[in-house]
Amino acid sequence: MSKPAPDHATKIKLSFEYFPARTEKAAATLRRTASALDAMGPRFTSVTYGALGSNRDASINTIADVQDATAAPVAAHLTCSGASREEIHATADRFWDMGVRSVVALRGDAADDADAVRAYDHASDFVAGLKKRHGFEVNVAAFPEGHPETSGPGLDGQLVDIENLKRKADAGADRALCQFCFDDEAFLRYRDRAAAAGIGIEIAPGFLPIMNFRRLVDFSEKCGGTLPQWLWDRFAGYEDDVEATRRIAVEVGARQIERLRAAGVDRFHVFTLNKAALVQDIFRAAGVETRDRIAA
Ligand SMILES: Cc1cc2nc3c(=O)[nH]c(=O)nc-3n(C[C@H](O)[C@H](O)[C@H](O)COP(=O)(O)OP(=O)(O)OC[C@H]3O[C@@H](n4cnc5c(N)ncnc54)[C@H](O)[C@@H]3O)c2cc1C
């Protein structure tokens, strides 16, 4: 049973991303997290989908849990790598039958493997396939600093990604959710260049609360994202200090939200890492009110 929608409205439009819980304990934490963050009135939440189709059931269980714990609608991530078109369509049908009306259509990262089964070669083809099959609202990924596979002399990764986002928008995508990016100027340039390229769909920046700086460094390398020098400087000497990390994370997170809002950004897709408290603290410090608070 879904809870009634929170009665307060906020000018900021939030979406919260969760990943499937692997244990019953993690699932219980996630239910509490999703319920607490639902009090911030997100317009939707989303649940990620593992590569190679191995997490299909975990995603389905987590979607059902999040649907129970929240009033906001759930968008189901779905990748088109690692399974046949029939299998991917069957999963999409299952989501539709669960009442899911929004999806995040992704290629996934399994496409590097030449032997991997692919339902569709590119996310743009997948968008068209999903739109044809059901009346889903379709979100897609976008990469303001360029997709990590884009490399080569003289290549402008941002421009290559804008061309790809145009393909996805032309295929019927409704909204782009961006990879996290600590370089605000890069995001704003991406937004403006996408608009200049005739892309009319909404582009929401990805927001990542920093829970552990060393892990952020590893993760950014994998995702092809850059960490600005000022961020390195801010965390220097505090990498193993949990309390200081939290304080700095709240400060730099809140400032980023304020800077982007000042530049006209009124929506954020938040990678929650299945934890509520830091997200709540950051948005509160940025002047966005929250009702509940839990230690998750
Ligand atoms: C918000 C967000 C959520 C995510 N959630 C998940 C998740 O739940 N599960 C998961 O496994 N991964 C997830 N990812 C990661 C994503 O699957 C990978 O980054 C993947 O490498 C790219 O996916 P895509 O949908 O952007 O692929 P695509 O749009 O297909 O692009 C992949 C690459 O192919 C190139 N390309 C695309 N079309 C063409 C074409 N026609 N011709 C030539 N080149 C082309 C692009 O430029 C790009 O380099 C997420 C990423 C983001 C930003």
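**View 1. Who sits around the ligand in this predicted model.** Count the residues that surround the ligand and you get 22. The closest are Tyr49, Asp109, His147, Asn164 and Lys168. What kinds of residues make up this shell? They divide into seven nonpolar, nine polar and six charged residues.

**View 2. Polar atoms facing the ligand.** Start at Tyr49, where a polar backbone atom is 2.6 Å from a nitrogen atom of the ligand. Ala123 also uses its backbone: one of its N or O atoms lies 2.9 Å from an oxygen atom of the ligand. With Lys168 it's the side chain that matters here, as a polar atom of that side chain lies 2.9 Å from a ligand oxygen. How much of the ligand does the protein bury? Taken alone, the ligand exposes 970 Å², and the protein buries 83% of that.

**View 3. The elements that supply the shell.** Strand S3 (74-79), helix H5 and strand S6 each give two or more residues to the shell around the ligand. Which element gives the largest share? That's H5, with three residues.

**View 4. The barrel.** Now look at the strands: eight of them form a closed barrel, running S1-S2-S3-S4-S5-S6-S7-S8. The pairing is parallel. Go from one strand to the next and the twist averages 30 degrees.

**View 5. S5, S6 and the helix packed on the sheet.** Zoom in on strand S5 (residues 137-142) and strand S6 (residues 175-180), which pair in the parallel sense over four bridges. Find Ala141, and you can trace its bridge partner in S6, Leu177. Helix H5 (residues 157-170) packs on the sheet here, touching S5, S6 and strand S7 (202-207). The direction of H5 makes about 170 degrees with that of S5.

Technical notes. Residues are numbered from 1 along each chain as its sequence is written. This is a predicted model: local features need pLDDT of at least 70, side-chain atom pairs count only at pLDDT 80 or more; totals for chains, interfaces and linings use all residues. Side-chain values use heavy atoms; hydrogens and water are left out. Two strands pair if DSSP finds at least two bridges between them. Axes are lines fitted to C-alpha atoms, for helices over the stretch in contact, and angles run from 0 to 180 degrees between N-to-C directions. Contact means heavy atoms within 4.5 Å. A residue is near a molecule or strand if one of its heavy atoms lies within 4 Å of it. A polar contact is a pair of N or O atoms within 3.5 Å; within protein, one must be able to donate a hydrogen and the other to accept it, and residues adjacent in sequence count only if both atoms are side-chain atoms. Accessible areas come from the Shrake-Rupley method with a 1.4 Å probe; for residues, only the protein chains shown count as cover. Ala, Val, Leu, Ile, Met, Phe, Trp, Tyr, Cys and Pro count as nonpolar, Asp, Glu, Lys and Arg as charged, and the others, Gly among them, as polar.
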